[in-house]
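Trainee: I would like to understand how the terms applied to this model are justified. Could we set each value against its definition?

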Amino acid sequence: MSESIVPVLLDTDIGSDIDDALALSLLLKEPCCRLLGITTVTGEPHHRASLASAISRAFGRGDIPVHVGAAEPWLIPQRQPHVPQFAALRKGASYATYHTRNTAVEFLQSTIRAHPHEITLIAIGPLTNIGLLFATDPEIPPLLNRLVLMGGCWFQSPGAPPTVEWNILCDPHAAARVFAAPGLRIEAAGLDVTTQVKLAGDTCTERLRGLGHHLELVADMTDIWCGGSRLEVTFHDPLAAALPFHNGLCTMETGSAVVELCGAFPGKTDLRADQAGTCSVARTVDAQRFLDLYWKALAA
């Protein structure tokens with residue numbers, strides 16, 4: 001485990017799948033994380049910002065800046081226009097409200113430039129904001145310490161139909177721009193690995209409620225995600241969020257990342273053998289070790 005403090009920016013589509021809220025909860029409790037700000041992306045990003053604000057306040061971290069990002073992907077129709085878990089705020093949680101104007105890209109740019117080569121940018125949603133940031137200021141990628149993301153499906157079974165992961169699918173053109181950025185070090189947890197880390201939805205909700213009032217909102221959001229069923233919770237985003245702080249949690253393979261934009265499977269990702277490649281992708285995960293680390297962090 002790393003013992004140094006890691007300055008972090010989080011870019012998230014919180015409010016659709018529950019894993020974003022679980023990842024934010026982890027970062028708020030991780031002792032080696034200095035969370036400098038949160039940006040939101042994709043449909044109704046102002047409502048997503050309110051959710052991020054509410055969770056931060058519940059953890060006593062209302063000081064963390066939250067900024068609204070891009071509502072629409074670059075070139076394709078929106079796949080997740082609404083925020084189902086926004087309904088959890090009706091119970092009276094404290095949160096800020098936001099305008100729809102995109103302030104995320106400017107915030108990311110100014111914060112990264114103020115801390116050159118220091119910041120780990122964690123992206124757990126479509127890469128629209130990050131692609132806009134890199135297109136607006138091409139000097140930004142090498143100024144990051146690294147980009148850590150949940151995205152892609154990198155090691156697929158031979159002969160099986162290709163799997164296209166949701167975050168890449170929602171804005172493949174932005175993802176392609178990000179992966180092509182020169183001087184950028186990337187670490188990715190893909191769908192083929194994150195799906196190995198699961199917990200029954202009712203078990204997850206019960207454990208969250210048992211850890212204190214500050215997790216009640218996240219538990220309510222989990223109930224909305226599960227929809228009253230016994231749906232499993234998959235820890236896609238929390239696994240990615242843990243990578244900067246827990247060495248050896250995943251084995252990694254390095255190469256050059258490519259996103260398919262044409263053909264039958266737009267958004268399909270591929271890791272190509274390249275000694276000069278700067279993209280490290282999770283190949284395996286110690287799922288039980290991760291779950292133990294996760295609940296220990298939240299209970300601390």
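Mentor: A charge sits over a ring if NZ of Lys or CZ of Arg is within 6 Å of the ring centre and within 35 degrees of the ring normal. This is a predicted model, in which local features need pLDDT of at least 70 and side-chain atom pairs count only at pLDDT 80 or more, while totals for chains, interfaces and linings use all residues. Residues are numbered from 1 along each chain as its sequence is written, and side-chain values use heavy atoms, with hydrogens and water left out.

Trainee: Where does the charged end of R283 sit?

Mentor: The charged end of R283 sits over the ring of F155, 3.9 Å from its centre.

Trainee: Why is the pair of F235 and F290 called edge-to-face?

Mentor: Rings of Phe, Tyr and Trp (its six-membered ring) pair if their centres lie within 6.5 Å; planes under 30 degrees apart count as stacked, over 60 as edge-to-face and the rest as tilted. The ring centres of F235 and F290 are 6.0 Å apart and the planes stand at 70°, so the pair is edge-to-face.

Trainee: What makes the pair of F290 and Y294 tilted?

Mentor: The centres of F290 and Y294 are 6.0 Å apart, with 40° between the planes; an angle that is neither under 30 degrees nor over 60 counts as tilted. Both residues lie in helix α11, 4 residues apart, about one turn of the helix. Together, F235, F290, Y294 and W295 form one aromatic cluster.

Trainee: Why are F290 and Y294 called buried?

Mentor: Buried means under 20% relative accessible area, exposed over 50%, and partly exposed in between (1.4 Å probe, protein chains only). F290 has a relative accessible area of 1%, so F290 is buried. Y294 also has 1% and is therefore buried.

Trainee: Is A240 buried or exposed?

Mentor: The relative accessible area of A240 is 0%, so A240 is buried.

Trainee: Which residues is A240 in contact with, leaving aside its neighbours within four places in sequence?

Mentor: Contact means heavy atoms within 4.5 Å, and on that basis A240 is in contact with V148, L149, M150 and A189.

Trainee: How do you know that β9 and β10 pair?

Mentor: Two strands pair if DSSP finds at least two bridges between them. Strands β9 (residues 250-259) and β10 are joined by 4 bridges and run antiparallel, so the definition is met. One residue of such a bridge is A257, whose partner in β10 is L271.

Definitions and conventions
Helix = DSSP H or I, 4+ residues; strand = E, 2+ residues; numbered from the N terminus.
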